Amino acid sequence: MNPLEGVVLALQQVWAHKLKSAFTLLGVVIGVTFLIAVITIVEGMNRYVEEDVAGTLAGVNTFTVVRRRRVVTGNEQDDARRRAARNPQLTLRDVEIVQGAVPEAWLVSFYEDRGLPDVRRGDERRTNVRLVGGSPDYAELQGWTVETGRGLSELDERRGLRNAVIGSDIIESLFPNESPIDKELRLGAHRFRVVGTFERQGGMLGGFRDAAILIPFSAYRQRFSRSKNEVDAISVKTRTEDEFVEAQQAVEAALRSDRRLRPGEENTFHFETSDDILGTWRTISRILMTAVPGLVLISLVVGGIVIMNIMLLSVAGRIKEIGVRKAIGARRRDILLQFLAEASTLSLVGAGVGILLGIGLATLVERISPLPAAVPAWAIFVALTIGLTVGIASGIYPAWKAAVQDPIVALRSE
Amino acid sequence: MDKKEVIIQTRGLRKEYEMGSETVYALRGVDVDIRRNEYIAVMGPSGSGKSTLMNLVGCLDTPTAGEYTLNGVAVQGLEDDELARIRNREIGFVFQTFNLLPRATALHNVELPLIYAGISAKERSRRAEVALERTGLADRMDHKPNELSGGQRQRVAIARALVNEPSILLADEPTGNLDSVTSADIMHVFDELHQEGQTIIMVTHEPDISERAQRVITLRDGMIESHDAKLEHRPFGV
Ligand SMILES: Nc1ncnc2c1ncn2[C@@H]1O[C@H](COP(=O)(O)OP(=O)(O)OP(=O)(O)O)[C@@H](O)[C@H]1O
Ligand SMILES: [Mg+2]
């Protein structure tokens with residue numbers, strides 16, 4: 001016989017008893033909703049982090065030498081952290097060593113940065129500003145594209161000129177209706193001239209670039225830095241991935257020998273790569289991806305048990321029907337298939353509702369947070385497979401009970 | 001009497017029910033031979049084993065002991081699936097209480113045996129329509145059982161029993177739930193079927209109904225009391 005009949009019957013019953021169906025399918029719906037929402041958000045996050053964050057924050061094929069780890073990943077030991085606290089500040093001398101360790105064709109930049117209480121233009125002011133004093137290659141190395149005007153030059157650096165390139169948030173706040181080029185800004189007590197603007201980055205982490213004001217390192221050092229020869233970070237950008245490892249090794253060796261570190265002694269500096277930043281996210285997503293299946297499994301098991309009980313009730317209430325079907329020639333497998341199809345349809349309806357709710361939830365998260373939501377096709381496939389599996393698993397026992405009914409006993413029942 | 005082919009033969013058919021410590025002997029060794037195109041009435045007092053015999057002959061139930069041969073096939077000891085196939089192809093069963101699926105239309109009820117026979121949807125509805133026309137219900141195909149009268153329901157049930165062209169039509173008190181006028185209509189349907197060549201075994205309490213049959217088998221206490229042949233005034237076609 002055709003399981004299609006079971007499918008149609010199941011759909012009719014779901015529709016006829018909407019409230020009962022809602023409760024029956026609650027477990028499966030919750031499980032699948034949860035699954036889809038989390039997969040969607042994690043996937044979206046992954047894409048975002050891997051493509052946008054890794055590409056912009058640290059730059060592709062870029063590593064940065066810093067005094068100590070800046071991004072906390074949670075898998076760092078306490079004593080390692082204490083040791084790192086004693087690392088010496090990076091200085092201009094370290095910059096020279098790094099520059100000496102890598103070919104000239106590669107970009108090396110160094111910078112210091114700090115938050116500014118505000119930036120003013122006449123009576124207008126904007127708070128939440130990041131001031132970066134960077135060497136001439138800074139913007140290029142970070143992948144910050146100049147949109148209008150120009151970037152900072154060697155001349156700006158050499159003369160310590162008070163020129164600035166500003167991010168899109170600053171423009172929005174202070175120059176809503178006009179070009180900022182050649183206008184004057186007040187950074188604390190100092191006047192700077194805007195010579196260029198950066199392309200907007202947007203997104204969750206775009207805040208860093210978009211709210212930044214880049215000035216020459218030398219100008220920064222004279223006016224905003226307490227120390228005259230310290231730098232916060234030295235970045236190196238290679239052209240290929242192979243060179244990346246090579247460069248890191250060369251820089252490490254040069255810095256170690258300069259600091260007279262013996263073999264076996266720990267580095268007194270830290271390499272920051274996009275992996276560092278991704279590491280934090282990977283930890284979070286790993287926790288999500290391991291915790292969620294457990295929760296999903298629990299709700300699916302509960303959902304499956306509910307479906308099984310509903311199916312047992314359904315079989316008990318339809319013994320007579322089973323008897324009639326057997327009397328006119330239904331085989332065991334026909335009856336089995338009919339009830340399996342019914343249970344699977346029920347469960348698949350639950351999974352379908354769960355998929356829609358999950359997508360809805362993910363979309364909601366996308367609306368109210370900067371997280372992007374991407375529903376991968378495989379997640380829908382997984383959800384439907386789960387729905388089918390739960391249906392078959394929870395339907396097999398009731399269906400078997402129905403299938404082995406003795407025809408005459410079943411016919412006589414009321 | 002014609003030497004027609006025997007399609008049903010039982011030998012020493014017994015059916016016992018264990019009721020706690022007691023054993024109920026529903027059938028105590030029944031031998032019957034039924035030939036193609038016969039129209040048999042099974043009579044006897046309540047509890048004499050008529051339904052039990054019908055259920056065994058219809059392969060709905062299995063005997064405690066004895067042999068049952070249907071169309072030359074020994075039925076005792078067949079696999080469950082084989083019995084299902086026989087119920088589907090060889091036997092059409094009409095019940096006193098109709099036993100239709102309440103949620104399905106008349107047409108769908110009649111189609112059911114064809115579904116289990118694996119017949120395509122198109123062919124199915126064509127044959128179901130023909131069967132319903134034969135029992136005079138062409139204009140009620142889309143009605144559900146609760147939209148039909150008792151007589152109409154029984155016509156649906158007869159159509160369902162006939163749709164797979166079974167070797168034998170079994171009817172256990174088919175008019176037991178119907179008034180006398182409707183009963184007469186239904187009996188007329190059986191008469192017509194018999195005249196078209198259908199082999200029929202029917203359980204009944206009504207002597208005037210049994211008059212229509214060629215032969216009456218009377219049961220008493222699970223045994224055959226008499227075979228009463230009255231072929232003389234019943235013609236039958238092939
Ligand atoms: N499932 C069962 N369990 C126990 N005893 C049964 C069962 N089915 C039938 N019997 C007994 O077997 C005997 C024959 O029953 P059966 O139903 O064949 O009688 P019947 O001739 O059809 O009676 P009626 O005319 O009332 O329908 C009865 O004594 C009945 O009580
Ligand atoms: Mg009876």
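## Nonpolar cores

In this predicted model, the largest nonpolar core has 74 residues, and those touching the most other members are Val32(A), Phe339(A), Ile8(B), Tyr68(B), Ile91(B), Leu170(B) and Ile201(B). Helix H2 of chain A (residues 18–59) puts in the largest share of this core, 10 residues. A second core, separate from that one, holds 38 residues, including Leu132(B), Ala171(B), Met187(B) and Phe190(B). As a general backdrop, nonpolar side chains tend to be buried together in soluble globular proteins.

Want to zoom in on one spot? Take Ile91(B): leaving aside residues up to four places away in sequence, Ile91(B) touches Val57(B), Gly58(B), Cys59(B), Leu70(B), Ile86(B), Pro166(B), Ile168(B) and Leu170(B).

## Around ligand 1

Now for the ligand. Residues from chains A and B surround ligand 1, so the two chains share the site. There are 15 residues around ligand 1, and Ser46(B), Gly47(B), Lys50(B), Ser51(B) and Thr52(B) come nearest. By type, the shell splits into 5 nonpolar, 7 polar and 3 charged residues.

## Polar contacts and burial

Three side chains reach oxygen atoms of ligand 1 with polar atoms: Ser46(B) at 2.5 Å, Lys50(B) at 2.7 Å and Thr52(B) at 2.5 Å. On its own, ligand 1 exposes 630 Å², and the protein buries 68% of that.

Which elements of chain B give two or more residues to the shell around ligand 1? They are strand E1 (6–19), strand E2 (22–35) and helix H1 (50–57). H1(B) gives the most, with 3 residues.

Notes. Residues are numbered from 1 along each chain as its sequence is written. Chains are lettered from A and ligands numbered from 1 in the order in which they are written. This is a predicted model: local features need pLDDT of at least 70, side-chain atom pairs count only at pLDDT 80 or more; totals for chains, interfaces and linings use all residues. Side-chain values use heavy atoms; hydrogens and water are left out. A residue is near a molecule or strand if one of its heavy atoms lies within 4 Å of it. A polar contact is a pair of N or O atoms within 3.5 Å; within protein, one must be able to donate a hydrogen and the other to accept it, and residues adjacent in sequence count only if both atoms are side-chain atoms. Accessible areas come from the Shrake-Rupley method with a 1.4 Å probe; for residues, only the protein chains shown count as cover. Helices (H or I, at least four residues) and strands (E, at least two) are DSSP runs, numbered from the N terminus. Ala, Val, Leu, Ile, Met, Phe, Trp, Tyr, Cys and Pro count as nonpolar, Asp, Glu, Lys and Arg as charged, and the others, Gly among them, as polar. A nonpolar core is a set of buried Ala, Val, Leu, Ile, Met, Phe, Trp, Tyr and Cys residues joined through side-chain atoms within 4.5 Å. Buried means under 20% relative accessible area, exposed over 50%, partly exposed in between (1.4 Å probe, protein chains only). Contact means heavy atoms within 4.5 Å.
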